[in-house]
Each structure stands twice: as C-alpha cells, then as structure tokens.
Amino acid sequence: MTNKNENPKAMQVAPALDLCDIQATVLRPRPTPYRGEYVGLRIDDARQGKTMLSRILPYVAPSDEWWVPSLPAWLGIAFTYEGLKALDLPQASLDSFPEEFKQGMAARASILNDVGVNAPENWERPFGTKDLHATLAIYSSDDRNLDAVLDRARYALLGLPGISVIYRLRFHELPDGRNPFGFRDGLHNPVVEGSGSKVYPGFGRPIKAGEFVLGYPDELGATATAPEPEELRKNGTFLAFRKLETHVAAFRTYLREQASSPEEELLLAAKMFGRWQSGAPLVLSPEHDDAELGADLSRNNAFGYADDTRALKCPFSAHIRRVNPRDALAGEFVAVDLHHFLRRGTNYGPPLPEGVLQDDGVDRGGVFLLIGTHLTQQFEFVQSQWITDGNFINSGTEQDPIIGNDQADKMFTIPKAPIRRRLHGLPQFVTLKGGEYCFMPGLQALRWIAELP
Amino acid sequence: MSENAAVSKAASPEGMKDQGLQMGQAHEFLILLPLKEGGAERMRAKAKTFGDAIKSIDHIATVHDFRYAIFDNDTRLLFASTYDGGFEQYIKDFSTLIPDQIDEFFGDSEGYPGVRNPEIWSYIAKYQLQSLVFYSAYPDVTVRQIWKGQRVLAAFENLLDQAQS
C-alpha cells in the first residue's frame, strides 16, 4: 500500500520554495567533477562563534544561484545540537528541537544498528563526542578554487582563538563518477516539489517539499512547528552525516572466492548493488552490463520492480532495491513516500588500483549527507528497517549486502529458478567511522543566529 | 529467567519511552484505557462485526495476536498484543494508511486525541502498563516467517504424498 496522492491535503497547490534562502547542499547535486573538503569546528566561545558565522555567511551558497561563477566554490554549513548550545541559542529554541537531534547519532546506535565495529566507541574522533559543533562542506570543481574558498574560511577564523578546526577530510570524485567499489552511484534522488531540479524518467512523482525543507507542507499536509522560533526554522533542514570506510580488497577477494569466472564476479557484485558498474540497472539489463544504458540519464532510472516480482533479475536484498524500493512494496503495509530523503554522497581516499586483492591499509570510502526534515521516519527508518532487517522482504534477518552490519553469519540471497543461490559469510564491506545529526539552517536563519545578542 | 528473557526496550523512534517488554524480537504491548460513557456498549456492538477487519489486520503482517476486554463495570478497556520488532517504526505508516480504522477502534476511550495528533504519544505513555513477565515460545520468529514456514511445510508434505503414490 502506498499513499499516492490519496491524502486530499497533499493535493493542494504547493507554495513556491524560497530557493534563495535554502542552502545549495539541500537541493542541488554536487558539481561534476567535484572536489572539496569537510571541516569540523569546535566553538568554545559563543560570541566568536557568531563572528565566525557572520564572516562565512557571504560564501554560503543558496539553492537558486549555486552555479553563479562569482563564487569560485560553494560552501554549506550545519550544526550539531552541541554546536547550537555552544552558540548560546535561547534555551526555548534548544528545547524545541526534535528528541533524536538532541540525543545525537551516537546515542541512537541501538536503533540504527551501529553496533560491533560500527559502534560509536570505535568511531574516529571527534565523531560521537560532544566536541564537533559545526561542519563546513566546501565544494568546488577544481583544486585552485577549492583552495581559494578554504583561504576565505581560514580568514573567517582569524583572531578567533575560541574556534578550533578539529577535523578535516578532503573528498573528490573518482574516475567516471564511480564509488570505491567501482560502481557508478548517486544516480537517484527523490524529486522535491517546487525545487526546479531536472526530472528524469523514473524519478517518481514529486515529493512534498516539507519532507525535505522546514516551512512547507509535507506528505501528510503538515507544516513543521519546531524548532522555535520560525526565524530559525524557516528553510532549514536536518541531515545525517555518515562517514563510511569501504573495504575494497575484501569485496574483490570475496567475489573471487565465490565466482568461477571474471564475468560471474561482475554478476555477483551487480546482484549485490542492483546495478552494474556502469550504473545500468539489473531490471533493465539482467544478463550483462550496458555502458550506454548506465550513462543515459533518461533511461538509467526508468524502471520499477513490477515485472520482477520474483526478483529473478534484481534480488529482493539488493542494495538499491532496499534503500529505494520504488514500487517493489506495492501491496505491503508501508507508506513508502514517508521514507524518502535526499542523498548527497562524496568519496574520499584514492581508488584501489584495478585488480589489487591485497588491502593496502589506506582509508578510502564515502561520506553521505542524508537530508530530510523527519530524521526518525526517513533516515532512521531506512537504516533500521530496510538496511538492517530482511523481514519486510520475507528474508528473515538478512541485511543489506553492502552496508549492512550483521553480527552473525552475513548472508545474501539471490533468487534464481529453480533453486535460489545463497552466499554466506559475507565480510564487512563497509565500516561506519563516524556520524552526526546536524541542523542545516536557511541563510536568513544563519544571519538570525549570527545576530543573536 | 534465562538471559534472553524479557527485557525493557530503549526509547521508541518518537523519543517516547516504550514500556513494553521484549524477548528476542517479540514485543508485548499492554494498555488499560478509561472508556467514555456508553463506550462499552458501542465496543460490544463493534466487536460483532470484527470478522470484517481480519483481512486488513493480516495485511499488517507484524502482529502475532491481540485481545481486548472490558472490565471494571464497563468503565475500562484492556488491550494486549504481541508484535514483531520494528513495528514501532511503522507507526507513522499506520496513522497515514488506516487512521480512520484506528480512531474508530479507540475512539470510545476517554481523552483519546486521535492517531494523527502528536498528543497520541503522551496519551499512550499515560495508560500503557509494563508487564511483569513476557514469554514467547518463538521469540526469534516473525509473523512472516511463521506464514512462510507453514507454506513450505505444506508443500513438503504434498511432495511426500506424491512421492509415495
């Protein structure tokens, strides 16, 4: 069962989005190619924190003009709950934030299945501590412009000893827009109603803006009333920041062990992702990769699972079928449109050279910003149910083959006629190295914070 | 009690403390609600047509069982259920997909705010009762797994029947 526009409130004409007040990171895809840096700040002095914010404000890109060349690169800024406390926000404002945001991602570990190697006590510092207060995400299309913006960010901190840079991570696009496993990703995002983003076939109907930006009606027809006051809330949103280290050598080695030919290795890997390396979806090309299809934005999302109900093409457990079920759960008791969020992924670290099966000990992976106004029903729901559980697809306790975190025998089932194939003992291909819940205010709200007495 | 016996759960997704016990992935829920004047009569009348609702409850596929009873001279309602872990995560889905059915069922309770009202969480917290003991004979098996097991067993028996004839 899906709620396709059945709600009469959801049929109302959508208000126009205030694009010049919403941070570009929320609504706009990263540039291609991209490079950039995440910078983590600790704020020990509220006054200086506000000064820093007012200096940085001119470089924070809005969603309407992010491509304007007057800015050599663009910057996004978001705060943890500890950060908003460090900025001395009024107590009534702090109290009005949603509970999960106040608790922070580390405190939600049992709900998110961030246990074992993924547990907060194993995270890189400063993640999961009370020290990370603000995160800057700086995006650029080349190193020169990136350095120019980093210089400005550095300038913004001049003479402010109460602000410390406590984390830095460079990120960049890998060749052909692949992820460290060699797969093209970031191919799908929900369409935000009124955002003006280009819509390709297969992206589904536009989702109400209130699911992604505070201040607009959401899928249930409700407009957020928190956090308080409206000046702080308007055009802001929440994000889950996740740093995921990828174990590429373990992935390749496992495929080598399970397959009897290079072609079969590629097929098993594609079954796990739901797409071939080129991005071509299994549903549209079940037997072999199709580079042309993978590269064609007008076709590489134009599919559903209605003609693959037995999952003989794309397994029920495949990563993309889990995290974005499209029509696969039609007839099930779930309101799929309540569980969308925007994914802004970036890669870090050098690629592991082609064919290498030996781990080189280099940290490589992806950082994901999972953006939406309802962290519980969006990111937390998808993480705890569709990634961590198998019951909803009649697969018992089987988890996502790529990003699952199974403490027992990790399995992956590939439906096949007459007898399914089940892989056992999948190693951990991805480890969570840290994460935070952040509030990403609108531009005017940033000014409101900067000008607080 | 063994080590995997019932334990109290962490906070539910909405931040409300869920007082139910769990054993393995099985969860229990017990609530005692005050009934409105005449509510008991209306509940009895509704219960007569309960059979019509069974299909839609099956559809949820995570509820093992539930029961309800009226007590204290028709002034209170007891509702008890066992459900699969993860159910809490779907509460928003319930209030989106079948709000009217839920409100119809609980609407005779005094002070019931309606399932779409955020006040529903504090209302539940106010009247939920933590059980002292919770036992499940199959704490690690979900409703779906039981149904699947039944189908597989039937097919297997059928295969044996054919093999012997």
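This is a short tour of a predicted model with chains A and B, stop by stop.

**Stop 1: confidence in chain A**

Colour chain A by pLDDT before anything else. The mean pLDDT there is 92, and 95% of the residues of chain A come in at 70 or more. Now select residues 1–12 of chain A: pLDDT stays under 50 over that stretch, although the model still has 22 contacts for it beyond four places in sequence. Where pLDDT is low, predicted coordinates should not be read in detail.

**Stop 2: the two domains of chain A**

Make two selections in chain A. Domain 1 is 12–243 plus 438–450, and domain 2 is 246–435. Put a marker at the C-alpha centre of each, and the markers for domain 1 and domain 2 of chain A sit 25 Å apart.

Next, show what joins them. On the domain 1 side, 62 residues of chain A are in contact with 54 residues of domain 2 of chain A. For the domain 1 side, highlight the elements of chain A that give two or more residues: helices H1 (24–27), H5 (99–103) and H6 (109–112), along with strands E1 (35–43), E4 (163–172) and E5 (237–246). Which element gives the most to that side? Pick E5(A), which brings seven residues. Colour the domain 1 side by class and you get 33 nonpolar, 15 polar and 14 charged residues.

**Stop 3: a helix pair in chain A**

Select helix H2 (residues 46–56) and helix H14 (residues 443–450) of chain A. Their axes are 8 Å apart, and the two helices pack at an angle of about 145°. The crossing of H2(A) past H14(A) is left-handed. Turn on side chains for Lys50(A), Leu53(A) and Ser54(A) from H2(A), then Leu446(A), Ile449(A) and Ala450(A) from H14(A); these residues make the contact. By class, the contact of H2(A) with H14(A) has four nonpolar residues, one polar and one charged.

**Stop 4: Ala269(A)**

Go to helix H10 (residues 262–273) of chain A, where you will find Ala269(A). Is Ala269(A) buried or exposed? Ala269(A) counts as buried, because 23 C-beta neighbours lie inside 10 Å. Add Phe181(A) to the selection: this residue is 88 residues away along the chain, yet the two C-alpha atoms are separated by 9.3 Å.

**Stop 5: chain B on its own**

Hide chain A for a moment. Chain B has six helices and five strands, and from the N terminus its elements go β-β-β-α-α-β-β-α-α-α-α. Chain B has 165 residues, of which 22% count as buried. Among its contacts with a separation of 6 or more, 64% are between residues 24 or more positions apart.

For an example, zoom in on Ser131(B), in the loop between helix H5 (120–127) and H6 of chain B. Ser131(B) counts as partly exposed, because it has 14 C-beta neighbours inside 10 Å. Beyond four places in sequence, Ser131(B) is in contact with Leu21(B), Glu28(B) and Leu30(B). Ile31(B) is worth selecting too: its C-alpha is 9.7 Å from that of Ser131(B), with their positions 100 residues apart along the chain.

**Stop 6: where the chains meet**

Bring chain A back. Across the interface, 19 residues of chain B are in contact with 21 residues of chain A. On the chain B side, select helices H2 (54–60), H3 (91–97) and H6 (143–164), each of which supplies at least two residues. H3(B) gives the most to this side, with four residues. Finish by colouring the chain B side by class: six nonpolar, seven polar and six charged residues.

Key. Residues numbered from 1 in each chain as written. Chains lettered and ligands numbered in written order. Predicted model: local features only at pLDDT ≥ 70, side-chain atom pairs only at ≥ 80, totals over all residues. Contact = placed C-beta atoms within 7 Å. Nonpolar A, V, L, I, M, F, W, Y, C, P; charged D, E, K, R; others polar. Domains from an automatic or database assignment. Axes fitted to C-alpha atoms, helices over the stretch in contact; angles between N-to-C directions. Left-handed = near helix turned anticlockwise from the far one by under 90°. pLDDT = per-residue confidence, 0-100. Buried ≥ 20, exposed ≤ 12 C-beta atoms within 10 Å, placed from the backbone.
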